[in-house]
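Good morning, and thank you for making time for this presentation. Please look at the sequence and the structure on the screen while I take you through them.

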Amino acid sequence: ILEAAACGVPTVAFDMPGVRDAVREGETGCLAPVHDVDALTERTRSLLDDPGRRRNMGAAARRYVEVMFDIEKIQERYLAICRDLGIRI
């Protein structure tokens, strides 16, 4: 999901833990109820049929990944975890 977002591609997936952390419903992609293949198909078709919406979601997905997974932010999170655990770096 993150690789697709980094390439500016929105995601259509089932709404489950982990996935919902990476996909912002209606903004960076579309989520369907787990096991509801018809809903997943409908959401996929809706993006395929609307290039402007797909493009906007893809751009939002790319921005989301750039902000949330910036290397400096990730480094700070890791360092904070290490400090919390008493690990000296």
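Let me begin with the strands. Strand S1, residues 11-14, and strand S2 run parallel and are joined by 4 bridges. To find one position in this pairing, please look for Phe-14, which stands opposite Ala-32 in S2. I should say at once that this is a predicted model.

What covers the residues of strand S2? Strand S2 comprises residues 29-32, and both of its faces are covered. On one side Gly-29 and Leu-31 are buried, and on the other side Cys-30 and Ala-32 are buried as well.

I turn now to Thr-11, which has its place in strand S1. Is Thr-11 buried or exposed? Its relative accessible area is 11%; because the limit for a buried residue is under 20%, Thr-11 counts as buried. Leaving aside residues up to four places away in sequence, Thr-11 touches Ile-1, Ala-4, Val-23, Thr-28, Gly-29 and Cys-30. Two of these names have already come up, for Gly-29 and Cys-30 are buried residues of strand S2.

Ile-1, another residue that Thr-11 touches, leads us to the surface. Together with Leu-2, Val-67, Met-68 and Phe-69, Ile-1 forms a nonpolar surface patch. The accessible area of these residues together is about 370 Å². Within the patch, Val-67 belongs to helix H4, which covers residues 51-68. Val-67 has a relative accessibility of 44% and therefore counts as partly exposed.

Let us now step back to the whole chain. How many helices and strands does the protein chain have? There are 5 helices and 2 strands, and along the sequence they follow the pattern α-β-α-β-α-α-α.

As for dimensions, the C-alpha trace spans about 50 × 25 × 15 Å along its principal axes. The radius of gyration of the protein chain is 16 Å, whereas a compact globule of 89 residues would have one near 12 Å.

Two further figures concern burial and surface. Of the 89 residues in the protein chain, 25% count as buried. The protein chain exposes about 6200 Å², and carbon and sulfur atoms supply 56% of that area.

Finally, a word on contacts along the sequence. Among contacts in the protein chain with a separation of 6 or more, 40% are between residues 24 or more positions apart.

Thank you for your attention.

Definitions and conventions
Residues are numbered from 1 along each chain as its sequence is written. This is a predicted model: local features need pLDDT of at least 70, side-chain atom pairs count only at pLDDT 80 or more; totals for chains, interfaces and linings use all residues. Side-chain values use heavy atoms; hydrogens and water are left out. Patches are made of residues with over 30% relative accessible area and no salt bridge: like charges are joined within 9 Å, nonpolar side chains (Val, Leu, Ile, Met, Phe, Trp, Tyr) within 5 Å. Accessible areas come from the Shrake-Rupley method with a 1.4 Å probe; for residues, only the protein chains shown count as cover. A salt bridge is a side-chain nitrogen of Lys or Arg within 4 Å of a carboxyl oxygen of Asp or Glu. Buried means under 20% relative accessible area, exposed over 50%, partly exposed in between (1.4 Å probe, protein chains only). Two strands pair if DSSP finds at least two bridges between them. The radius of gyration is taken over C-alpha atoms; the globule rule is 2.2 Å times the number of residues to the power 0.38. Contact means heavy atoms within 4.5 Å.
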